[in-house]
Amino acid sequence: MSTTCDPSSAPVGDVGTALLMLDARIKQIHESDPADGDAAEYRELNSLFAASTGADGLQDLVDGTCTLIYMFLQWLRGTHEEGGKDVIEYVVPTLVTTLRQMPKSVRPHTIPTMAALVIAAGTGLSPNGWRSQYGDWTLEEMNALEATVFLVAEHINRMADDHGFAVRLIADALPGGEHEGD
């Protein structure tokens, strides 16, 4: 019996655009000089993108972001289990602690939702489907969702000691991925 939390019945969304936006954010954080004003340019580009896509495009982007979180957590789950560790134990506390240190960007009341979203993905449930049980996404949750996908990707990047590993991991898994079959 399929439920809304079953990954096979959840919307995949626009994973490609979500991945491009994540990649741009990672590069902005690791490769730019804070004095350059790149953060303002990134916010302006995001605003322009949001204005150009409309409601359906934004929902596809949110779904794509949730799919990225699911894919990252499945990889993390397998990696942690190989080492006899629990993915929830090693990912969620760090995520929550870091989100709590970002009160200007991530409102405290959105943190439990992000933790539960990651727990859902880490236990094999669809984060999109899990969240849909509780109504529509709120505007305040968008910053928290962006921070969450970034922090989970950074967790993977730190494990691999490579700032681009998480993005390549997904890009290679997508149809037509550059390194498929290598």
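Two residues are in contact when heavy atoms of theirs lie within 4.5 Å. Keep that in mind for Val106. Leaving aside its neighbours within four places in sequence, Val106 is in contact with Leu99, Ile111, Asn143, Ala144 and Ala147. The model is a predicted one.

Where does Val106 sit? Its place is in the loop between α3 and α4, the helix of residues 111-122. Val106 has a relative accessibility of 1%, so it counts as buried. Now take one of its partners, Ala147. Val106 and Ala147 are 41 residues apart in sequence. In space, their C-alpha atoms are 7.8 Å apart.

Step back to the whole chain. The protein chain has seven helices and zero strands. Read along the sequence, its pattern is α-α-α-α-α-α-α. The chain has 182 residues, and 40% of them count as buried. How do contacts run along the sequence? Take the contacts between residues at least 6 apart in sequence. Of these, 74% join residues at least 24 apart.

Next, look at how helices meet. Start with α3, residues 87-100, and α6, residues 139-160. Their axes come within 10 Å and cross at roughly 130°. That angle makes α3 oblique to α6, because it falls outside the ranges for roughly parallel, roughly antiparallel and roughly perpendicular. The crossing of α3 past α6 is right-handed. Which residues meet here? From α3 come Tyr90, Val91, Leu95, Thr98 and Leu99. From α6 come Ala147, Thr148, Leu151 and His155. By class, this contact of α3 with α6 has six nonpolar residues, three polar ones and no charged ones. Two of these names were met earlier: Leu99 and Ala147 are also among the contacts of Val106.

A second pair is α1 and α7. Helix α1 covers residues 15-31, and helix α7 covers residues 165-173. Their axes are 10 Å apart, and the packing angle is about 160°. Angles over 145 degrees count as roughly antiparallel, so α1 is roughly antiparallel to α7. The crossing of α1 and α7 is left-handed. On the α1 side, Val15, Leu19, Leu22, Asp23 and Ile26 take part. On the α7 side, the residues are Val167, Ile170 and Ala171. The contact of α1 with α7 divides into seven nonpolar residues, no polar ones and one charged one.

Stay with α1 and look at two of its side chains. Arg25 is found in this helix. Is Arg25 buried or exposed? Its relative accessibility is 18%. Buried means under 20%, so Arg25 counts as buried. What does its side chain reach? One polar contact, of 2.6 Å, is with the side chain of Gln28. Another polar contact, of 3.2 Å, joins the side chains of Arg25 and Glu146.

His30 also has its place in helix α1. With a relative accessibility of 32%, His30 counts as partly exposed. Not counting residues up to four places away in sequence, His30 touches Glu154 and His163. His30 and His163 are 133 residues apart along the chain. Yet their C-alpha atoms are separated by 7.8 Å. Their side chains are joined by a polar contact of 3.3 Å.

Now turn to two residues in loops. Asp161 has its place in the loop between α6 and α7. What stands out in its backbone? Phi of Asp161 is near 55°, a positive value in a residue other than glycine. Asp161 is exposed, with a relative accessible area of 73%.

Ser126 lies in another loop, the one between α4 and α5, where α5 covers residues 127-132. Ser126 counts as buried, because its relative accessibility is 3%. Which backbone atom does its side chain meet? The backbone nitrogen of Gly129 lies 2.9 Å from a polar atom of the Ser126 side chain.

To review, go back over the loop residues. Val106 is buried at 1%, and Ser126 is buried at 3%. Asp161 is exposed at 73%. In helix α1, Arg25 counts as buried, while His30 counts as partly exposed.

Notes:
Residues numbered from 1 in each chain as written. Predicted model: local features only at pLDDT ≥ 70, side-chain atom pairs only at ≥ 80, totals over all residues. Heavy atoms only, no water. Axes fitted to C-alpha atoms, helices over the stretch in contact; angles between N-to-C directions. Helix = DSSP H or I, 4+ residues; strand = E, 2+ residues; numbered from the N terminus. Parallel < 35°, antiparallel > 145°, perpendicular 65-115°, else oblique. Left-handed = near helix turned anticlockwise from the far one by under 90°. Nonpolar A, V, L, I, M, F, W, Y, C, P; charged D, E, K, R; others polar. Buried < 20%, exposed > 50% of the residue type's maximum accessible area, 1.4 Å probe, protein only. Polar contact = N/O pair within 3.5 Å; in protein donor to acceptor, adjacent residues only side chain to side chain.
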